[in-house]
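User: Hi! Could you walk me through this protein, one question at a time?

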Amino acid sequence: MTIRVLIADDQMMVREGFSVLLNAMPDIEVVGEAVNGREAVAKVRELAPDVVLMDIRMPELNGIEATREIVAADGTARVLVLTTFDLDEYVYQALRAGASGFLLKDASARQLADGVRVVASGEALLAPSVTRRLITEFSKLSEAPRAFTGAHAAYGDLTERETEVLVLIAQGLSNAEIAGRLVVAESTIKTHVSRILVKLGLRDRTQAAVFAYEARLVTPG
């Protein structure tokens with residue numbers, strides 16, 4: 001099944017370059033482009049893409065606010081944030097707004113395509129190499145409003161094993177890696193993940209990771 005992608009970036013060279021790279025993939029089609037966040041929100045409604053490649057710094061409506069509007073209004077489109085620096089403080093705000101992960105703009109063609117596929121499948125693009133920085137950033141947000149207040153109210157409904165799985169999700173582990181760590185079948189982990197999302201009222205693994213950071217289930221170490 002072809003993955004439909006919308007590219008939102010105010011730089012023409014970035015849009016065109018990513019379009020060429022992604023359209024060269026047999027399972028990915030770029031269905032549209034947007035030059036600012038406001039246009040991105042409108043084109044998501046018009047084109048119904050599976051994945052939105054979203055630049056953070058754009059005129060009229062920035063990528064964070066555009067992500068928030070897309071996630072609130074659309075039940076299917078996943079947002080993959082594009083950034084120049086992996087330490088960009090706005091990346092963490094975008095994740096709290098509902099982005100499913102982030103990629104550096106200098107990513108290779110393979111990394112870009114794989115990132116789109118990962119996000120389209122409902123997985124979080126949170127590599128273990130960046131989770132320590134994520135945890136550190138979220139540890140600074142103790143006074144900030146929690147992104148998922150309803151999830152915090154439902155936290156007590158999780159079983160001990162579900163809580164354990166949630167912590168491992170927040171550490172950036174895939175289902176296969178969690179299964180190996182807990183010595184169970186991968187299908188069992190998929191069931192646990194589905195139940196965690198339902199119980200907490202969360203959309204995907206990235207929201208689950210954000211919740212774990214906010215709930216201090218994962219701390220800098």
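User: Which residues does Ala 109 touch, not counting residues up to four places away in sequence?

Analyst: Happy to start there, with a word on the model. This is a predicted model, in which local features need pLDDT of at least 70 and side-chain atom pairs count only at pLDDT 80 or more, while totals for chains, interfaces and linings use all residues. Residues are numbered from 1 along each chain as its sequence is written, and side-chain values use heavy atoms, with hydrogens and water left out. Contact here means heavy atoms within 4.5 Å, and by that rule, leaving out residues up to four places away in sequence, Ala 109 touches Leu 21 and Met 25.

User: How far apart in space are Ala 109 and Leu 22, C-alpha to C-alpha?

Analyst: Ala 109 lies in helix H5, residues 109-120; helices (H or I, at least four residues) and strands (E, at least two) are DSSP runs numbered from the N terminus. In sequence, Ala 109 and Leu 22 are 87 residues apart. In space, their C-alpha atoms are separated by 7.5 Å.

User: Is Ala 109 buried or partly exposed?

Analyst: The classes rest on relative accessible area: buried is under 20%, exposed is over 50%, and partly exposed is in between (1.4 Å probe, protein chains only). Ala 109 has 29% relative accessibility, so it counts as partly exposed.

User: Which residue does UniProt list for "modified residue: 4-aspartylphosphate"?

Analyst: That annotation comes from an unreviewed UniProt entry. UniProt positions are given in the numbering used here, feature names are shortened, and annotations may be inferred rather than shown by experiment. The residue listed is Asp 55.

User: Is Asp 55 buried or exposed?

Analyst: Asp 55 sits in strand S3, residues 51-55. Beyond its neighbours within four places in sequence, its contacts are Ala 8, Asp 9, Asp 10, Gly 63, Leu 82 and Lys 105. Because its relative accessibility is 6%, Asp 55 counts as buried.

User: Where is Asp 10 found, and how does its accessibility class come out?

Analyst: Asp 10 is in the loop between strand S1 (3-8) and helix H1 (12-23). Leaving out residues up to four places away in sequence, Asp 10 touches Arg 15, Val 35, Asp 55, Arg 57, Met 58 and Pro 59. With 36% relative accessibility, Asp 10 counts as partly exposed.

User: What is the relative accessibility of Thr 67?

Analyst: Thr 67 belongs to helix H3, residues 63-73. Not counting residues up to four places away in sequence, Thr 67 touches Met 54, Val 79, Ala 94, Ala 97, Gly 98 and Ala 99. Thr 67 counts as buried because its relative accessibility is 0%.

User: Which term describes how H9 is oriented to H10?

Analyst: The axes of helix H9 (residues 175-182) and helix H10 (residues 186-200) come within 8 Å and cross at roughly 110°. Axes are lines fitted to C-alpha atoms, for helices over the stretch in contact, and angles run from 0 to 180 degrees between N-to-C directions. Angles under 35 degrees count as roughly parallel, over 145 as roughly antiparallel, 65 to 115 as roughly perpendicular and the rest as oblique. So H9 is, relative to H10, roughly perpendicular.

User: And which term fits H8 and H9?

Analyst: Helix H8 (residues 160-170) and H9 have axes that come within 10 Å and cross at roughly 130°. The two helices are therefore oblique.

User: Which residues of H9 make the contact with H8?

Analyst: On the H8 side, the contact is made by Arg 161, Glu 164, Val 165, Leu 168 and Ile 169. From H9 come Ile 178, Arg 181 and Leu 182.

User: How many of the residues in H11 are buried?

Analyst: Helix H11 covers residues 205-214 and is mostly covered. Its buried residues include Val 210, Phe 211 and Tyr 213. The count is ten of its ten residues.

User: What is the phi of Glu 60?

Analyst: Glu 60 lies in the loop between S3 and H3. Glu 60 is exposed, with a relative accessible area of 68%. Although Glu 60 is not a glycine, its phi is positive, at about 70°.

User: Last one: what share of the 221 residues is buried?

Analyst: The protein's secondary structure comes to eleven helices and five strands. Of its 221 residues, the buried share is 50%.
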